[in-house]
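This report describes the surroundings of two ligands and one helix, and it is best read with the structure in view.

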Amino acid sequence: MTSVAASAPPLDQSLVRRIRSVVGAEGLFIDPDQLLVYESDALTQYRHPPSAVVLPRTTEEVSLVLALLHAEGRAFVPRGAGTGLSGGALAVGGSVLVGTARMNRILELDSENRRARVQPGVVNSDLTRAALLQGLIYAPDPSSQSACTMGGNVAENSGGPHCLKYGVTNRYVTGLTVVLPDGEVVELGGLEREPEGLDLVGAFVGSEGCFGIAAEIELTLIPESEGVRTLLGIFDSMEQAGRAVTDIMARGLLPAALEIIDSETIRAVEASIFAAGYPTDAGAALVVEVDGVDAALDAEVAIARACCLSAGAREVRIATNAEERLALWRGRKKAFGAMGRLAPDLLVQDATVPRTRLPEVLRQVGEIGRRHGILVANVFHAGDGNLHPNLLFDRRDPDQVKKVEAASKEIMEVCIRAGGTITGEHGVGFDKRAHMPLVCSHEVLRAMARLKEAFDPLGRSNPGKVLPDGYGPRSGAGARGAEVGRGT
Amino acid sequence: MTERVTGGRVTGGRETGGEGKLGLVLAAQHDRLSNCVHCGFCLPACPTYVRLYDEADSPRGRLYLMGAVAEGRLDPASDAFQLHLDRCLGCRACETVCPSGVEYGFLLERAREVARDARPSSFLSRALLVAIQSPVPFAIWMGTSRLLRWSRIPSLLVRILPSSGMLGTARFGMAMLGASLPWRPPAMRVEAGRAVRDDMAASPATTPPPGPGERGRVAILTGCIQDQLFRRVNRATERVLRANGWEVVSVSGQGCCGALHAHGGALTDAREMARRNVRAFQATGVDWIVANAAGCGATMREYGHLLEEGAEPSAREHAPSEDASGPNGRADDERDRAAGRWFSGRVRDITEILAGEGRSPRRGAPLPIRVAYDPPCHLLHGQRVRTPPLELLGSIPKVTVVPVPNGDECCGGAGIYGITHPDLGGRVGGDKVSAVLGTHADVLVTGNPGCAMQIGAGLRMKGSGMQIAHPVEILDESYRRAGFYAG
Ligand SMILES: Cc1cc2nc3c(=O)[nH]c(=O)nc-3n(C[C@H](O)[C@H](O)[C@H](O)COP(=O)(O)OP(=O)(O)OC[C@H]3O[C@@H](n4cnc5c(N)ncnc54)[C@H](O)[C@@H]3O)c2cc1C
Ligand code: SF4
Ligand code: SF4
């Protein structure tokens with residue numbers, strides 16, 4: 001198990017003074033008690049309190065702060081809303097957290113060119129809310145969209161239920177203002193600039209905070225679709241639901257969303273205060289959503305319905321208004337919260353397998369859970385084979401913690417054997433870096449390390465993430481708060 | 001002392017509650033605390049987070065600090081625990097958005113109990129709680145306030161006092177007092193008789209009276225401040241209930257609901273007040289207990305939990321008077337617990353009794369006014385009552401209801417928050433006042449005395465003449481014009 005060898009010392013007085021002169025007294029926190037709340041993101045298995053939290057407001061402030069940290073040899077970690085599920089925003093080794101919460105202005109919303117320029121702390125759904133006034137939306141919609149930030153989305157290349165049709169974050173980012181780890185500000189891409197050969201924007205999206213801080217983000221918006229139809233199929237078994245998904249795709253439909261909820265999850269939701277009215281003896285439920293030009297939608301719904309029925313659905317419900325639509329979605333949207341009430345702790349796995357292998361992989365996941373005596377409940381984006389097994393446990397019981405770790409690793413291995421990968425959308429972060437060699441060869445990991453070195457030669461931006469030990473900029477650079485070693 | 005995990009994987013760990021009995025109170029809430037999955041969905045809903053952007057001032061952060069105290073990693077007397085819990089408005093907007101159903105308000109009260117045991121709270125907040133509980137000083141304070149508010153002194157002071165410092169606080173207090181004055185309905189014009197008749201003709205006739213007491217029997221919590229500064233609201237509540245066919249039973253021996261005590265963490269006092277009310281109301285055997293102050297209603301719905309816990313050994317430690325051999329013996333405890341459950345299940349907001357779920361109040365005379373409705377947090381988030389007040393207002397002929405933009409956010413009143421936290425409270429309150437002014441309504445309607453005075457004070461300090469009223473006062477005026485109370 002990877003852990004921290006040494007924790008960085010507190011910031012010295014003169015550095016505190018200099019940082020405060022940039023961000024003001026309320027822009028820097030150093031009280032260790034207060035800093036406790038920053039020791040985890042939404043993956044609470046790990047706790048790494050930062051040595052300080054800085055909250056700049058502008059690109060210029062970010063640049064000045066990073067330059068100050070650079071001069072002192074301090075490592076830093078960017079943080080958005082801390083909704084990440086892979087420990088990406090953990091301040092490993094007592095790094096300094098640079099939060100973007102105060103950088104929450106929409107700088108430009110150009111409806112004619114369907115373009116927005118935002119600061120990284122803008123919350124995903126706030127951007128869509130603002131764009132909707134002009135009939136536009138920002139398409140990628142992570143389930144956490146009401147809280148997660150655009151900077152976090154860019155760093156994790158986030159997806160969401162509707163990304164089956166619309167694609168994930170990287171399809172929408174057209175330009176970035178990046179502050180490099182030494183404080184230098186660079187412009188990558190951008191509509192006004194000439195295409196510059198290598199796609200550096202593409203390289204930055206998904207870099208999980210390891211290449212510096214995205215201080216401004218230029219994005220493409222799309223028109224809101226004219227109509228939406230939602231349908232819920234109830235099946236006796238997961239196989240039937242899987243067959244329905246395959247049929248729907250084979251008939252040439254491209255639904256905006258195809259989400260499956262397994263029997264354990266249905267029971268969890270129905271037993272909770274979020275009961276959505278799904279039958280508790282069902283083997284699986286499938287939510288299908290189609291959107292587009294109104295006139296075409298009824299025909300699409302009819303096809304989706306026929307596919308469900310011929311796959312053996314015992315019941316198909318079709319929403320006719322917004323309220324019913326929400327009701328059909330409720331079981332999916334509230335699943336995470338409902339499970340949070342079933343057990344004190346919850347580990348959300350995130351893996352992707354080829355769509356057709358889903359039923360088989362799920363069967364194996366179920367077996368792994370049973371073998372370890374751990375309840376595993378699955379929700380997933382069935383359209384692109386992105387699976388989220390939720391492992392329920394109580395961290396106060398060390399035995400359960402061990403079982404969850406073992407089960408989690410086995411689940412990953414099953415997915416890899418089925419031709420899949422270890423993350424769908426939550427990123428590698430701190431949690432999965434040790435498993436990277438399972439999916440990437442030595443050569444590939446080395447290439448990643450060299451790319452990181454180009455952006456961050458001294459290894460000071462989000463140390464201890466993504467790349468496994470032994471890869472990455474030589475730690476001979478001696479960044480304080482960046483030494484990550486092996487231990488327990 | 002505390003032991004901080006400086007990094008690494010969390011396994012097992014000491015989670016049985018440190019810091020002696022203080023940690024125990026929170027450790028007993030392990031299940032409630034662990035419902036929080038740390039997802040962060042509550043951050044954007046929190047008025048303090050979206051102004052300060054410090055996660056320690058977010059719901060998730062505050063819950064995390066409580067957890068750290070429960071685990072024995074954080075000293076409840078620490079600045080961090082004290083400051084960030086104190087800064088919470090207690091608006092419970094975080095509960096509405098939480099996918100895990102975390103009972104934040106409940107946990108906050110326990111955490112505040114721990115915090116004030118570790119370090120005394122501010123003089124102002126202590127003084128207020130004592131004053132409310134002591135009959136004579138309270139009567140004097142309220143009596144003076146009532147006299148003062150009818151004089152011109154408050155509005156004069158609002159004009160001449162500076163807006164910051166101690167005098168600024170006094171100015172705000174005066175503005176609040178001024179805002180507690182009754183609303184003035186639009187006069188029936190000179191050609192009143194005709195105008196009203198025209199209005200009446202344009203809308204369907206009033207509905208006929210239901211038989212007296214036909215709907216059932218209810219009792220009203222008259223409250224403390226409500227009873228002193230807003231007695232007119234209690235009277236209006238009584239009249240509209242009668243006009244809608246409810247028999248209103250008067251309850252002697254009832255008193256303050258204890259909401260401010262509970263919010264401040266003075267749980268032993270709150271429990272005592274709860275017990276008194278539970279006994280007083282139980283004796284009446286009414287169908288519903290009606291609250292017309294959202295803060296009181298929210299607390300009364302929690303009496304079940306409050307008294308349930310009152311007999312637990314951990315809480316007993318804080319309340320030596322509750323010794324099993326004392327006046328409140330085991331049998332008394334059990335009886336109080338059962339009564340508490342009965343009580344909680346019967347509390348309803350006045351707007352829920354009259355409207356919602358397909359019901360609507362009896363139709364009175366038209367009232368051509370434009371009202372802005374601002375939902376009190378303890379109604380919207382604390383009791384999950386969203387539509388009944390809107391349905392009630394919407395049922396009154398000629399009343400135009402406009403929502404306050406971003407109305408789901410707290411007004412910054414939160415008891416005496418505006419006075420104890422002038423800066424932050426002022427920012428939250430200022431945004432609310434601007435939103436309210438933007439509605440260009442004649443009357444701002446809200447169902448909680450604290451909110452009415454907070455927003456009213458803000459309006460007055462901005463020189464606005466917008467009126468303030470409780471939803472039942474609007475309905476009451478419509479009934480009065482319809483002649484329902486004539487006979
Ligand atoms: C209930 C729940 C549901 C979720 N559903 C989805 C989902 O459907 N799809 C999905 O993809 N994810 C989902 N997530 C995961 C998470 O919300 C996303 O990864 C999100 O993009 C993280 O955003 P954040 O602002 O919280 O970033 P944080 O968690 O604060 O940070 C995430 C990473 O981004 C880096 N970072 C943050 N800001 C910047 C910046 N400005 N520049 C450079 N690096 C930066 C951080 O260093 C860190 O490595 C879910 C999470 C939860 C709790
Ligand atoms: S929304 Fe609820 S579960 Fe999520 S962090 Fe906030 S309190 Fe915890
Ligand atoms: S009660 Fe209100 S102020 Fe307090 S944490 Fe919840 S949302 Fe924030």
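A residue counts as near a molecule if one of its heavy atoms lies within 4 Å of that molecule. In this predicted model, 13 residues surround ligand 2, and the closest are Cys36(B), Cys39(B), Gly40(B), Cys42(B) and Cys98(B). Ligand 2 sits in the second largest cavity.

Around ligand 3 the shell consists of Cys46(B), Pro47(B), Pro59(B), Arg62(B), Cys88(B), Leu89(B), Gly90(B), Cys91(B), Arg92(B), Ala93(B), Cys94(B) and Tyr104(B). At least two residues of the shell around ligand 3 come from each of two helices of chain B, namely helix 4 (59–70) and helix 6 (93–97). The two shells divide by class as follows.

| Shell | Nonpolar | Polar | Charged |
|---|---|---|---|
| Ligand 2 | nine residues | three residues | one residue |
| Ligand 3 | nine residues | one residue | two residues |

In chain A, helix 14 (residues 398–417) has 20 residues, which at 1.5 Å a residue should span 28 Å, and the distance of 29 Å between its end C-alpha atoms agrees with that expectation. Which residues of helix 14 of chain A are buried? They are Val401(A), Val404(A), Ala407(A), Ser408(A), Ile411(A), Met412(A), Val414(A) and Cys415(A). Because these buried residues cover an arc of only 160° around the axis, they lie on the same side of helix 14 of chain A. On the other side of helix 14 of chain A, Lys402(A) and Arg417(A) are exposed.

How values were computed. Residues numbered from 1 in each chain as written. Chains lettered and ligands numbered in written order. Predicted model: local features only at pLDDT ≥ 70, side-chain atom pairs only at ≥ 80, totals over all residues. Heavy atoms only, no water. 1 Å grid on protein atoms, 1.4 Å probe; cavity = no way out; pocket = protein on both sides within 12 Å on 5 of 7 lines; lining within 4 Å. Sits in = over half its atoms within 2 Å of the grid points. Nonpolar A, V, L, I, M, F, W, Y, C, P; charged D, E, K, R; others polar. Helix = DSSP H or I, 4+ residues; strand = E, 2+ residues; numbered from the N terminus. Expected span 1.5 Å × (residues − 1). Buried < 20%, exposed > 50% of the residue type's maximum accessible area, 1.4 Å probe, protein only. Arc of directions from axis to C-beta.
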